[in-house]
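Biologist: I'm new to this one, so could you pick a single part and take me through it slowly? I'd like to know what surrounds it and what it pairs with.

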Protein chains: 2
Amino acid sequence: MDKDVTNIKKTQNQFDPSLISEIMNSVDTNNRISVIKIIEELPPADIADIIQLLRSSERKSFLDIIKDHFDPEILSDLEEGAREEVINLLGHNFVAEILPKLETDDAVHVIEDLKEDDKNIILNKIPKRDREELQLSLNYPDDSAGRLMSLDFVATPPDWDVGRTIDFLRDEKDLPNEFYEIYIVGPTFKPIAALSLSNILRSERTNKLENLKSDHLVAIPAEMDKELVAHQFERFDLVSAPVIDEGGRLIGVITADDIVDVIQEEAGEDIKFLGGVVGDENITDSALRTSRGRFTWLLINLFTAIIASTVIALFDGTIEEMVALAILMPIVASMGGNAGTQTLTIAVRSISTRELVPLNYRRIINKEILVSFYNGVFFAIIVGILGAIWFENNPLGIVLAIAMTLNMLVAGLSGILIPLGLYKIGVDPALASSVFLTTVTDVVGFFSFLGLATWLLV
Amino acid sequence: MDKDVTNIKKTQNQFDPSLISEIMNSVDTNNRISVIKIIEELPPADIADIIQLLRSSERKSFLDIIKDHFDPEILSDLEEGAREEVINLLGHNFVAEILPKLETDDAVHVIEDLKEDDKNIILNKIPKRDREELQLSLNYPDDSAGRLMSLDFVATPPDWDVGRTIDFLRDEKDLPNEFYEIYIVGPTFKPIAALSLSNILRSERTNKLENLKSDHLVAIPAEMDKELVAHQFERFDLVSAPVIDEGGRLIGVITADDIVDVIQEEAGEDIKFLGGVVGDENITDSALRTSRGRFTWLLINLFTAIIASTVIALFDGTIEEMVALAILMPIVASMGGNAGTQTLTIAVRSISTRELVPLNYRRIINKEILVSFYNGVFFAIIVGILGAIWFENNPLGIVLAIAMTLNMLVAGLSGILIPLGLYKIGVDPALASSVFLTTVTDVVGFFSFLGLATWLLV
């Protein structure tokens, strides 16, 4: 028992960082026994982490050493970029051999992101029956429930009793490794009810399944987008759910551990998009791949910056007469940008979590106008006074205050309308909102401030 | 069966928006029967959504009508702001009465965010036994595993056989509603193994539990931060895990449906922090509460904008001589800001997901320098040529290009060093990184461009 308690401690946190240096040393000295001894103690997720932490050159030697002990789950735990590299290092034959050992959902996860060529080569090397299973999932669209589901589930007719069900589970060899519910299906294999195992375990053997109190049945259509699937799991606190095809027939099951990954991934995507990282960049990608991925976004931003500059250029004469304008104008633009970003962030996030829905659009838009107005007026007063004192010029302070109020109002309104508009025309609001927003706040900020100054001050 | 298939369709997506108008009308005309008929068909999560979509005035009438049919789970499904309001509308006595009907983890979730006074009043009205259970969780720190765990679990001694275990589960009345594993515990109640129900169901009645092939046991210490708990669930694809106290004794269980909420919440926090929304703002908050919440962040940004302006002010003479500088300077600052934000976003996200760890700090920092250099040089050339042509001034183009390269290098370096530094001193990098970053990119952008121009051009 003491051994087990030690084991508990060991799996607690991130693996011991010293392991990595130990592995690196052992890899460098080609000390296979030591490497294998370390990795045999670790779960696949940790080995995946180790691979990602190694340099490209070390990855090859490391994989050579562990190949005979390679747990297929490592593949599904790797990030996309590293996975591609590892699959190339392991070779198509080897990968085709180990893929069928994974649950179908994990195997699909590994294979779906591969280049079309690699995907076909590997699929063709997989035995027919396994291949057909994978194809069934792969035929559903990217990011759909069909890609997430496992094809291994337990279904029974409604007239079985608990005893017969338990006997069936004991005798049948071809069952999922792990399952949490069984599904009662009708004659056409449509799910009628979901019964949790604890429910079955706690019922008398003579009870008919159809008479057990069943839980809310939430069947997921295979074409449903995975974000919406995750939303269903959240709404109903599900641990697993049956997946049905277009005919309503049971074809698979999705479990909460996959949903955890979906949510992590979707949230990561929103964060990256909002920060202008548009590709599927991962921190372990190479410098060249990273630069290329970020380039497009920077180019788009360059265009918006140039637009802002041309607005300033309209007023070059005014600036020459009153250089204070050049000093103060970034404040107007930047405060607008920040206020707008706040609104935008909340709007994008609330669209994702489905808290901002057509039903409350109008109310939320009205609220954002009010919020911008409150903060706009407040900061206009602060900044106006500051500008007037700094340059000993009261009219300048007043112009600054008016421009500030205007820009913060426009910023708040754009912060909510831009993401809603993009969402309505089917563009991911996390992706494109912020570039439109900064263009608006820069242009309005510079134009209102310099325009008012030209009109009223010089 | 047809009825059931209809039922499947109904629980698929977001509830029907027309329901809301129907409910609003029924509330306005005080048509109780119609309201109750609608809500009886809906899961608690949907009723919580409805409450959040109603105006404050309607919420009161709606709650009056549904009070007798109020499912306690609605409380745990509400957002914090709305929950506080609903608890006040329902009254302390009512809440104290329904709270014990929730699983302990949900009850803790409802009560932990309340104001200290409200919390104590409600706790004191709850029967002693239930109160002590809640206190056990509440004694653990905010955001710890202890707050997430449910106290209802099934534990057995190692020498029981499968048959005895099943009989126990059938006979014992006081068991959790739903469970996925049972835990084998030693004499001091330390968990020795976790056995999934499917494992037990598939084993012969005469098998001893200790002889069943057990899964990897990942015991979660009750003090562990919930982000780290979520990380364990991700690493090991867990559906549930036992929670242990300081003495290693089993005290509770955490299930994947709670982890789904944790991940959603933590990701939302990162997104909001990065967007400058620092409080726990929710889209359904009032305008006044929202403005106040966003105010501090805007004030901090005002200071950084003023710092940038004072840098510009250092060079007012140069700008007066060459107004092109005022036109071009926002480009340098904005490109630096955007490039830095890209790096920062990836860094913050990777710290959260534990992909950026001390082991790869140096490699990632080197990579970011390289990335900034590549893109810095590239954009310097574009912008330099552009500036030279626009103002027919080659030296100006060169100064612009040098300033651009410099600022993008500094931006990339700051984008990785600022979040790492903040993380090291224990500050949430999502929270404060971006304000430091923009200060750096504005100051360096303006200073390098205007400084070089002063030195070389005028």
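Modeller: Sure, and one term before we start: a residue is called buried if 20 or more other C-beta atoms lie within 10 Å of its own. Keep in mind, too, that this is a predicted model.

Let's look at strand β5 of chain A, residues 240-244. Five of its five residues are buried, so the strand is largely enclosed by the rest of the structure. You can check that face by face. On one side sit A:S240, A:P242 and A:I244, and on the other A:A241 and A:V243, all of them buried, so to speak, with both faces covered.

Now for the partners. Strand β4 of chain A, residues 220-221, runs parallel to β5(A) and is joined to it by two bridges. If you want a spot to find that pairing, go to A:I220, whose bridge partner in β5(A) is A:V243. Strand β6 of chain A, residues 250-255, runs antiparallel to β5(A), and here five bridges do the joining. Look at A:S240 this time: across from it in β6(A) stands A:T255. β5(A) and β6(A) form a hairpin with five residues between the strands, and there A:G248 takes a positive phi near 80°.

Stepping back for some context, the largest nonpolar core has 205 residues, and A:M404, B:L325 and B:M404 have the most contacts inside it. Apart from that core lies another, of 31 residues, with A:A45, A:F62, A:I122 and A:I126 among them.

Conventions:
Residues are numbered from 1 along each chain as its sequence is written. Chains are lettered from A and ligands numbered from 1 in the order in which they are written. This is a predicted model: local features need pLDDT of at least 70, side-chain atom pairs count only at pLDDT 80 or more; totals for chains, interfaces and linings use all residues. A residue is buried if 20 or more other C-beta atoms lie within 10 Å of its own, exposed if 12 or fewer, and partly exposed in between; C-beta atoms are placed from the backbone. Helices (H or I, at least four residues) and strands (E, at least two) are DSSP runs, numbered from the N terminus. Two strands pair if DSSP finds at least two bridges between them. A nonpolar core is a set of buried Ala, Val, Leu, Ile, Met, Phe, Trp, Tyr and Cys residues joined through C-beta atoms within 7 Å.
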